[in-house]
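Please examine the sequence and the structure shown below. The paragraphs that follow take up charged pairs, the nonpolar interior, the surface and a few individual positions in turn.

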Amino acid sequence: MGISLVQGDTGPQIKATITRSDTGAVEDLTGATIKLHFRKKDTTTVLFTMDNQASDEDLDDGVCIFIFASGQLDIDAGYYEGEIEVVSSGGTRETVYEIIDFYVREDFA
């Protein structure tokens, strides 16, 4: 299904737990830079990138949190997708294979 959002909202948050596909164990993200890239489905242009907002304690447990900022959801209704990118403190870049599906609907007001 994916994640449903409403145009113009500024409070939605995305919480993801990063695990190893080979063991299922959570990935310790301490010291990593984590971003979520957001684009319209079936396009190649990234509309915006969100930085991880999780605490150090959350990062130990593989948890990352992304918060939509004012203006980011001022976009057309429709289907979008996101990918999470992790860059370790040593500079190793790893992108989560699974794409996150989003649907943005029009606001009533």
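In this predicted model, E81 counts as buried, because its relative accessibility of 9% falls under the 20% limit. This buried acid has a partner: E81 forms a salt bridge with K41, and the closest N and O atoms of the two are 3.6 Å apart. The pair links distant parts of the chain, since E81 belongs to strand β6 (residues 78-87) while K41 sits in the loop between β3 (33-40) and β4 (46-51), 40 residues away. K41 itself counts as partly exposed, with a relative accessibility of 32%.

K41 also takes part in a second pairing. The side chains of D101 and K41 meet in a salt bridge with an N to O distance of 3.4 Å. D101 lies in strand β8 (residues 100-105) and K41 in the loop between β3 and β4, so this contact ties together parts that are 60 residues apart in sequence. D101 is partly exposed, at a relative accessible area of 33%. K41 thus meets E81 of β6 as well as D101 of β8. As a general point, side chains of opposite charge can pair when their charged atoms come close.

Elsewhere, salt bridges that share partners join R20, D22, E27 and E94 into one network. Within this network, R20 forms a salt bridge with D22, and their closest N and O atoms are 3.8 Å apart. How exposed are the two partners? R20 counts as partly exposed at 31% relative accessibility, whereas D22 is exposed, with a relative accessible area of 61%. For the structure, the count comes to eight salt bridges, with a side-chain nitrogen of Lys or Arg required to lie within 4 Å of a carboxyl oxygen of Asp or Glu.

The next topic is the nonpolar interior. In soluble globular proteins, nonpolar side chains tend to be buried together. Here the largest nonpolar core has 26 residues, and those with the most contacts inside it are I34, F38, F66, F68, I84 and F102. Which elements give two or more residues to this core? They are β2 (13-17), β3, β4, β5 (63-67), β6 and β8. Of these, β5 gives the most, with four residues.

Strand β4 also holds F48. With a relative accessible area of 12%, F48 is buried, because this value is under 20%. F48 and F68 are 20 residues apart along the chain, and their C-alpha atoms are separated by 10.0 Å.

Attention now turns to the surface. Which residues form a negative surface patch? The patch is made of D28, D56, E57, D60 and D61. E57 is found in helix α1 (residues 56-60), and E57 is exposed, with a relative accessible area of 60%. D28, by contrast, comes from the loop between β2 and β3 and is partly exposed, at 48%. A further distance helps to place this loop residue: D28 and Y80 are 52 residues apart in sequence, and their C-alpha atoms lie 28 Å apart in space.

The loop between β3 and β4, already met through K41, also contains D42. D42 counts as exposed, at 75% relative accessibility. Most residues other than glycine have a negative phi, and most peptide bonds are trans. D42 is not a glycine, yet it has a positive phi of about 65°.

Two further positions show how separated stretches of the chain are arranged in space. G2 lies in the segment before β1 (3-6) and is partly exposed, with a relative accessible area of 43%. G2 and I100 are 98 residues apart in sequence, but their C-alpha atoms are 6.6 Å apart. R105 is placed in strand β8, the strand that also holds D101. At 33% relative accessibility, R105 counts as partly exposed. R105 and D76 are 29 residues apart in sequence, with a C-alpha to C-alpha distance of 8.1 Å.

Note on methods. Residues numbered from 1 in each chain as written. Predicted model: local features only at pLDDT ≥ 70, side-chain atom pairs only at ≥ 80, totals over all residues. Heavy atoms only, no water. Patch = residues over 30% accessible without salt bridge, like charges linked within 9 Å, V, L, I, M, F, W, Y side chains within 5 Å. Areas by Shrake-Rupley, 256 points an atom, 1.4 Å probe, with all protein chains shown as cover. Lys, Arg positive; Asp, Glu negative; His and termini not counted. Charge placed at Lys NZ, Arg CZ, Asp CG, Glu CD. Buried < 20%, exposed > 50% of the residue type's maximum accessible area, 1.4 Å probe, protein only. Core = buried A, V, L, I, M, F, W, Y, C linked by side-chain atoms within 4.5 Å.
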